[in-house]
Amino acid sequence: MANEAEELETFKSDMREFAEQAPAINNFLGYVESAEEPETLDRKTKELMSLAIGVVVRCEPCILWHTDAALKAGATPEEVDDALKVAVAMGGGPALAYATKAHQILLSLAE
């Protein structure tokens with residue numbers, strides 16, 4: 001899974017292009033950025049929460065994005081795996097399948 005970094009950059013580029021052509025999407029992205037800013041919770045905690053939610057809702061681009069963001073916010077691989085365990089507890093068997101994928105992405109991105 002060495003292509004995760006490339007896949008993430010392609011996704012980010014595609015999303016930026018989409019947002020440039022759709023003002024409502026660009027506005028939504030502004031909201032997302034403001035919601036992820038550290039306030040009561042720090043960025044790492046918010047990224048770990050977002051990753052766990054991405055696993056439960058089965059959003060592969062979200063898993064890729066928030067695994068990378070959690071690592072960049074200072075999360076350790078152990079903290080990421082702990083968040084994935086919570087996701088599985090909340091999401092059951094389907095979440096386990098996506099948590100396994102997220103763990104593989106973690107291993108690739110943490111190199």
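A residue counts as partly exposed when its relative accessible area falls between 20% and 50%; keep that range in mind for the stops below. The model on your screen is predicted.

Start with the whole protein chain in cartoon view. You should find 5 helices and 0 strands, running α-α-α-α-α from the N terminus. The radius of gyration is 14 Å, close to the 13 Å that the globule rule gives for 111 residues, so the chain is as compact as a globular protein of that length. Its C-alpha trace spans about 35 × 35 × 25 Å along the principal axes.

Now switch on a surface. The chain exposes about 6800 Å², with carbon and sulfur atoms supplying 57% of it, while 32% of the residues count as buried.

Next, colour by charge. The mean positions of the 9 positive and 20 negative charges are 3 Å apart, and the salt bridges number 5. Here are some of them to select.

Select Glu60 and Lys101: their closest N and O atoms are 3.8 Å apart in a salt bridge. Lys101 lies in helix α5 and Glu60 in helix α4 (residues 60–72), so the pair ties together parts that are 41 residues apart in sequence. Glu60, at 36% relative accessibility, is partly exposed, and so is Lys101, at 27%.

Move on to Lys44 and Glu79, a salt bridge with 2.9 Å between the closest N and O atoms. Glu79 belongs to helix α5 (residues 77–109) and Lys44 to helix α3 (residues 43–56), so this pair links parts 35 residues apart in sequence.

Finish at Glu37 and Arg43, whose side chains meet in a salt bridge (3.0 Å, N to O). Glu37 is partly exposed at 39%, as is Arg43 at 29%.

How values were computed
Residues numbered from 1 in each chain as written. Predicted model: local features only at pLDDT ≥ 70, side-chain atom pairs only at ≥ 80, totals over all residues. Heavy atoms only, no water. Helix = DSSP H or I, 4+ residues; strand = E, 2+ residues; numbered from the N terminus. Rg over C-alpha atoms; globule rule 2.2 N^0.38 Å. Buried < 20%, exposed > 50% of the residue type's maximum accessible area, 1.4 Å probe, protein only. Areas by Shrake-Rupley, 256 points an atom, 1.4 Å probe, with all protein chains shown as cover. Lys, Arg positive; Asp, Glu negative; His and termini not counted. Charge placed at Lys NZ, Arg CZ, Asp CG, Glu CD. Salt bridge = Lys/Arg side-chain N within 4 Å of Asp/Glu carboxyl O.
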